[in-house]
Amino acid sequence: MSSLINKGRAFYSSAQGVAVGFFLIIAVMALLAVVSLWRFSEVKSEFETVVDVHNVRIEYVQKMRILARERSPLLYGIIHTEDPFDTDEQIMELLHQGGEFLKIREDLIATGLEDNELKKLEEHREFARTIVAMQHQVIDWVREGRREEAIDLMVMEASPAQIEALKTLDQLTDMEEQKSKVLIAGARAAFDKTMRDVGATAILGSLFCLIVGMVVSFKFSDFIRALEGANAELESKVAERTKELESANERLKEIANYDSLTSLPNRSLFLEHLDSSMKRAIRHQNCIGLLFIDLDGFKGINDDHGHGHGDELLLQVAERMQASAREVDIVARLGGDEFTVILDHMEITDAAEEVAQRIVTAIAEPFTVFDTLCRISCSIGIALYPLHADTLDELIKCADEAMYDAKGSGKNGYRISHNLKGGCGHPSDGPSTNSRC
């Protein structure tokens with residue numbers, strides 16, 4: 001009887017040991033799962049924060065740039081409008097845009113900019129003060145009938161100053177993109193550390209569970225197999241989370257290089273493509289073309305029908321531009337209603353004009369947006385490398401000035417920059433002669 005009692009006690013003690021051992025195993029596995037999920041959730045949250053803040057700030061800067069660019073066409077309209085009522089209406093629109101610009105600027109500051117970003121905004125503000133003073137002088141002279149003086153002030157001082165001011169906004173955009181890259185690199189480092197921590201934890205946990213299982217009893221092979229199954233499940237979860245983070249990383253790369261609405265290359269990728277095209281042109285001793293495209297009348301569609309119609313219209317515009325460009329050309333969206341086309345491997349200069357004319361014709365055709373018939377046009381500036389400029393910045397400046405000239409000349413057309421390297425001069429008034437690059 002005593003022997004039976006002792007066997008029962010030994011069995012009970014063994015059962016307790018097995019229960020405690022398996023409780024420890026289950027507790028460790030649960031802890032591993034919780035820690036892994038928590039760390040992956042934390043890294044994912046960091047990725048999402050980087051993307052959200054980056055997108056909001058870039059959107060604010062792009063809106064500011066669009067409003068700043070639209071002031072020059074409005075002033076040109078004020079100068080050349082004979083009807084006083086139309087002139088007053090355009091002046092009110094100019095003042096309204098100024099108020100909207102200031103509001104967006106305050107919203108951008110409210111996102112928590114760093115000192116160097118605030119310094120860049122202050123630099124633009126100093127430009128803006130000078131530009132606004134000149135713009136008000138232009139308006140005063142128009143009201144006094146001194147249109148020739150107003151035109152001279154606009155062309156010689158106000159417009160060049162506006163271009164310099166826009167450069168500060170472009171530099172602010174570049175700063176935001178560089179900051180985003182730094183934050184993404186930090187998030188990637190956190191991801192790598194998480195992977196190492198989870199791997200080390202999984203290995204230590206597995207060893208602990210194995211030791212506990214061996215100490216409890218080699219006879220409970222079923223329990224050991226259950227432990228191995230639980231470990232395999234954990235590794236599967238780790239692999240699944242790893243795949244999700246890799247997918248998120250690829251998405252971040254896409255956001256950093258492509259426009260979220262049209263899927264066209266954004267400003268950052270456009271600059272990379274343009275730099276590569278210019279280097280190839282040097283190696284192969286040929287030339288490239290750059291088209292700067294701004295939509296005419298898009299803001300009215302956006303205001304009258306809402307941003308949903310505006311976004312759908314931009315998608316259709318992007319499709320028509322890609323269809324009008326050559327297969328080797330690169331169509332990009334800089335933001336808002338601004339697009340560019342890089343024409344690579346050009347043998348004759350007229351190729352740029354042919355593409356520009358196809359785009360002008362395509363955009364002038366009516367659009368059907370959610371059962372609404374919409375009509376817009378576009379103004380295109382053309383610059384050729386190395387005929388018009390020696391550097392990337394000069395080429396962009398030449399194309400941008402030519403686009404403004406197209407807008408000032410009645411819109412719905414294109415203008416070619418004058419072949420003055422380093423100066424960009426006044427764009428030509430008509431098509432260029434067909435010549436080899």
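Okay, quick definition before we start: when I say helix or strand, I mean a DSSP run, numbered from the N terminus, with at least four residues for a helix and at least two for a strand. And keep in mind that this is a predicted model.

So, glycine 297. Where does it sit? You'll find glycine 297 in the loop that joins strand 1, residues 287-296, to helix 7, residues 298-305. Its relative accessible area comes out at 44%, and since partly exposed covers the range between 20% and 50%, that's the label glycine 297 gets. Now look across to lysine 411: the two are 114 residues apart in sequence, yet C-alpha to C-alpha glycine 297 and lysine 411 are 10.0 Å apart in space.

Next up, strand 2, residues 330-335. Buried or exposed? Well, 6 of the 6 residues there are buried, so strand 2 is largely enclosed by the rest of the structure. Strand 2 pairs with strand 3, residues 338-346, in the antiparallel sense, over 5 bridges. If you want one contact to click on, take alanine 332, whose bridge partner in strand 3 is threonine 340. The hairpin these two strands make has 2 residues between the strands, and glycine 336 there takes a positive phi near 60 degrees.

Last thing, the cysteines. Cysteine 374 has 2% relative accessibility, and because the cut-off for buried is under 20%, it counts as buried. Cysteine 378 is buried too, with a relative accessible area of 0%. And how many disulfides are there? With a disulfide taken as a pair of cysteine sulfur atoms within 2.5 Å, the count comes to 0.

Notes
Residues numbered from 1 in each chain as written. Predicted model: local features only at pLDDT ≥ 70, side-chain atom pairs only at ≥ 80, totals over all residues. Heavy atoms only, no water. Buried < 20%, exposed > 50% of the residue type's maximum accessible area, 1.4 Å probe, protein only. Pairing = 2+ DSSP bridges.
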